[in-house]
Amino acid sequence: MIQSFIITGFLGVGKTTMLTNTVKKYFPDRKVAIVVNEFGDIGIDGDVLSNVYSEVLEISEGCICCQLSEEFESGVMEIIQKYQPEIIFVETSGASEPFPIFMSMQNLGVTVEGVICVVDSKNLDSYKDNSTAKYQIGGSNIIVLNKTDLVSDEELEAVKKDVEDIKAEFNIKNNLTGETVFSSYVINTSEQGLVKKEVFEGLYPIEKIVGMAKDYQHLNHTTEDSITQKVAYLKEDIIFNDIDHILNNIPKSIYRVKGVVKVKDVANPLVINYSFGNVSFEELDEYAQPSIMIFIGENIDKDVNLLCSQYEYLNMPQFKLTK
Ligand SMILES: Nc1nc2c(ncn2[C@@H]2O[C@H](COP(=O)(O)OP(=O)(O)OP(=O)(O)O)[C@@H](O)[C@H]2O)c(=O)[nH]1
Ligand SMILES: [Mg+2]
């Protein structure tokens with residue numbers, strides 16, 4: 001039986017970081033495959049993860065929990081046939097709900113050992129009212145409070161309390177019986193996604209689901225919550241400072257920026273990660289595409305256009321500028 005873990009959690013909370021830092025460490029001798037779905041039509045995480053793992057399937061053109069369940073299932077089938085993995089990790093997009101993906105894995109006969117929801121302890125307050133974020137917590141049985149380095153013990157306690165409250169209200173239920181799908185859940189903490197190994201050891205098996213919610217109400221949240229993304233390409237002749245400058249001037253409406261850029265004064269391509277004001281860079285071994293930056297947030301069109309007019313090396317040729 002193939003095992004799997006579903007990693008969910010809002011945009012930029014540390015899902016890819018968790019995969020990068022734990023999978024090799026804890027499963028050095030197992031055949032692992034990773035399926036990653038990113039919000040929007042261009043993916044960065046696939047490039048990041050491919051530098052660490054050999055079998056990475058990227059599904060980027062939409063959300064696997066809304067429009068892409070068929071592609072998701074056939075992609076997983078393909079990876080199983082080609083590679084015969086022992087464990088599959090699925091990183092869902094930050095705007096996906098985990099439950100439909102959980103159902104897909106069950107349909108494919110893959111055992112789901114855990115649905116892990118990564119929470120950004122520093123920024124939960126900024127995104128906890130988003131309905132998708134609530135369903136992500138509600139639809140998981142392992143919650144990981146990540147980025148503990150950025151909060152005090154008291155703040156972490158408050159985050160835990162928030163999570164428990166959300167869980168109590170949004171814990172996913174079987175519509176037929178009214179019973180919760182997960183009989184229990186656990187809360188762990190981590191820094192850089194480095195959870196303890198027990199999290200992956202199937203200590204918290206998911207209940208067998210009988211007659212599962214056929215009429216499970218699934219919102220098309222990507223429109224409901226008006227999270228949108230815009231992609232900008234960067235001119236070639238730029239230096240690191242140019243990038244740094246943009247990232248220090250990101251408007252509030254944009255709470256996530258991802259990208260891979262090549263700059264003159266750094267030898268390797270750089271992965272950019274910005275979430276809620278925090279920035280990090282990481283060197284990538286290989287990246288053959290043009291430099292891009294992806295901006296994600298709520299009602300961001302005007303602000304991204306403004307950035308592009310402020311920084312002439314930032315281009316959005318494929319989008320019409322709004323008035
Ligand atoms: N300070 C701090 N930063 C972290 C931690 N975990 C992740 N980050 C940073 O948070 C940013 C986003 O991390 P990712 O792992 O890309 O987040 P993600 O959930 O995969 O993001 P999406 O796939 O875009 O939804 C990166 O800059 C990480 O380096 C942590 O524990 N502490
Ligand atoms: Mg990611």
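Select Lys 15 together with ligand 1 in this predicted model, and look for the polar side-chain atom of Lys 15 that lies 2.7 Å from an oxygen atom of the ligand. Then add Thr 16, where the contact is made by the backbone instead: one of its N or O atoms lies 2.8 Å from an oxygen atom of ligand 1. Gln 192 is the next stop, and here too a backbone N or O atom is involved, at 2.5 Å from an oxygen atom of ligand 1. With these contacts displayed, turn on the surface: the protein covers 89% of the 660 Å² of accessible area that ligand 1 has on its own.

Now widen the selection to the whole shell, which holds 22 residues, with Lys 15, Thr 17, Gln 192, Lys 258 and Ser 280 as the closest. Coloured by residue class, the shell shows 10 polar, 8 charged and 4 nonpolar residues.

Hide the ligand for a moment, and the space that it takes can be inspected as the largest pocket. Helix H1 (15–26), strand E9 (254–261) and strand E10 (270–275) are the elements that each give two or more residues to the shell around ligand 1, and the largest share, 3 residues, comes from H1.

Finally, colour domain 1 (3–221) and domain 2 (226–315) separately; because both give residues to the shell, ligand 1 lies between them.

Notes:
Residues numbered from 1 in each chain as written. Chains lettered and ligands numbered in written order. Predicted model: local features only at pLDDT ≥ 70, side-chain atom pairs only at ≥ 80, totals over all residues. Heavy atoms only, no water. Near = heavy atom within 4 Å. Polar contact = N/O pair within 3.5 Å; in protein donor to acceptor, adjacent residues only side chain to side chain. Areas by Shrake-Rupley, 256 points an atom, 1.4 Å probe, with all protein chains shown as cover. 1 Å grid on protein atoms, 1.4 Å probe; cavity = no way out; pocket = protein on both sides within 12 Å on 5 of 7 lines; lining within 4 Å. Sits in = over half its atoms within 2 Å of the grid points. Helix = DSSP H or I, 4+ residues; strand = E, 2+ residues; numbered from the N terminus. Nonpolar A, V, L, I, M, F, W, Y, C, P; charged D, E, K, R; others polar. Domains from an automatic or database assignment.
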